[in-house]
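Q: Please take a close look at a single part of this structure and describe its surroundings. A connected account, suited to a reader new to the structure, would be welcome.

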Amino acid sequence: MKKKLVSSAILAAALAVTSVVPAFAEGDTSEVYWYSDVAGYGPANWNTDSSPALDYIRDNIGLTFNLEQPPTDAATKLGLMLATNDLPDIISITNSDSMKDLINAGAVWDMQEFLEKYDPDSWLLEGYPEDHKQALIDRFGGWYSLASHIETADNRKVFPPDDECWVDVVEKGTNSCIMFDKSIMDALGITEEMVSTEEGFYEACELVKNSGYTTENGESVIPVALHADGWIDTSLDGILSWNFGAVPVDEEGNYRHKELSPGYKNALKFINNCIQKEYLDVNILTLDEAALKTYLEAGRVFCWIGNQAQINKENTSWVSYGAIAPENEAKGALPINQSAGTGWIQTFVSKSCDEPEKVAEFLSWVTSEEGLMMDYYGIEGEYYTVDDKGIVTKTEKGEQELKDLYENNILFWPFANTSFERHTEPVPDPTSNRGVEIALMPAFGREETTYIYDSSLVDFPDTVLEPSSDLGIKLSQVKSYLESQKAKIVTAKTDEEFETEYNNMVSTLEDYSIADIDAAYDEVYKTNCENTGNKIEDINADLYK
């Protein structure tokens, strides 16, 4: 395979990995228990026990996996396993509280110690992106995990982007988007100009609601859908709060919960308007993601406000025009992590792991360029070819045999490497899943009026408030309260009831000492500002004076 020549010590270390020589007798294969709180990838979902990467790991490292991904209460189950000292061998999770519990209990390995003991020649010891490693140390107090979806400056030295379209995705992109089904727009004469303003958006939804328009299968179409039971995190706290200019600082530049921003109130009112006007069915907010997908993939939704990454968009007509300009002309505000970041899924190795040598070898291989190439693309020559610029093209066999396994979620998703993807992928066909994705992701960030700020400034460690302290307990109460209260606010039946519930939220947060909580976080925020020379501005403050 030809590789791009990149002058980098990190690259040299990363490429030093060679094919693994089996260190076990033939037939000496071990199964390890792999637990994850992220559903949607792996043999448990695809009903397959074979792929080029899986076969390689079985035949060369002697390892197979029993992968468990509970659809609900994954954190609770992991907590019980921790309490009974019966942990899985490998743990890939996104729940911050679970991560903290594992580390505080001393139940998982420090990666440096683990690799030095069980795979001292691992490329990870010298080549793992230093800026990303430091971010993990800052977050957890040590290097306890390997992360997915790494996109950092040091990682881009190893895997530089092969086209400017990926730069836009990095600097202006987000998974949370406002998307429209273009086929419905065209059928009903709805234009981009109409849906690009709040007033026009409501007019378009009214048109859809009263049109009697149905899909080819005769199914009715709904004007608006949020991201199912994940609507708070993905839709409200994501693109909608950004669209209405909510930021985590006040007009004086002090940190505050974003929920107290006037822009956040307008995002809540936007959802409430959609429900009151019967554009959005509240039952959508109780669906699980799988049920939501059936609506989206059947062409039954005019406007979808959620995470574009969660469905296959190949040959679909999803488009995004960026912002829906608010009636009060507030500017949008987009958080982009401009530091190294800590990735998404964090993979830990428990100290009770039954096969530490094989697991260490597996981690070293699956994160290396050799492992990434096989995981993403299969076998060179048979499944793909590489040109002299390092760009991968799948063969007909690769397209056919890997489509179901790799099209949306690669097999070893906990080790997905975003910089690697953007280094090896050709610019995708605009009608492909990836092509639609890279058109959707930067649409909001490309708006001239969108204010982009560094979200790492408010990426706080878990140690700001001790959970057992008075403020720590109140913060826990705030989190629980907000989830239920946001639902009450958006489902208010009248504007008067909306105002009542919103004011109840503000007063209750005051009772929970939200000002003191925010003051504690403000100290960390100000330190982050000093260390980076950066800050966040309340760009819409003048609108609310």
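A: **A close look at Glu501**

Glu501 counts as buried because its relative accessibility is 17%, and the term buried applies under 20%. The model in which this residue is examined is a predicted one. Glu501 has its place in helix H23, which comprises residues 495–511. When residues up to four places away in sequence are set aside, Glu501 touches Gln485, Lys488 and Ile489. With one of these residues, Gln485, the side chain of Glu501 makes a polar contact of 2.9 Å. Gly230, by comparison, stands 271 residues from Glu501 along the chain, and the C-alpha atoms of the two are separated by 21 Å.

For a wider view, the account now turns to a sheet in the same model. Five strands make up this open sheet, in the order E2-E1-E3-E10-E4, with mixed pairing. Its edge strands are E2 (63–68) and E4 (146–147), each of which pairs on one side only. Strand E3 (residues 90–93) and strand E10 (residues 346–349) run antiparallel and are joined by four bridges. Within this pairing, Ile91 has Phe348 in E10 as its bridge partner. Helix H17 (residues 356–366) packs on the sheet, where it touches E1, E2, E3, E4 and E10; the direction of helix H17 makes about 85° with that of E2. Helix H4 (residues 74–83) lies across strand E1 (30–36), E2 and E3, and runs at about 125° to E1.

Note on methods
Residues are numbered from 1 along each chain as its sequence is written. This is a predicted model: local features need pLDDT of at least 70, side-chain atom pairs count only at pLDDT 80 or more; totals for chains, interfaces and linings use all residues. Side-chain values use heavy atoms; hydrogens and water are left out. Two strands pair if DSSP finds at least two bridges between them. Helices (H or I, at least four residues) and strands (E, at least two) are DSSP runs, numbered from the N terminus. Contact means heavy atoms within 4.5 Å. Axes are lines fitted to C-alpha atoms, for helices over the stretch in contact, and angles run from 0 to 180 degrees between N-to-C directions. Buried means under 20% relative accessible area, exposed over 50%, partly exposed in between (1.4 Å probe, protein chains only). A polar contact is a pair of N or O atoms within 3.5 Å; within protein, one must be able to donate a hydrogen and the other to accept it, and residues adjacent in sequence count only if both atoms are side-chain atoms.
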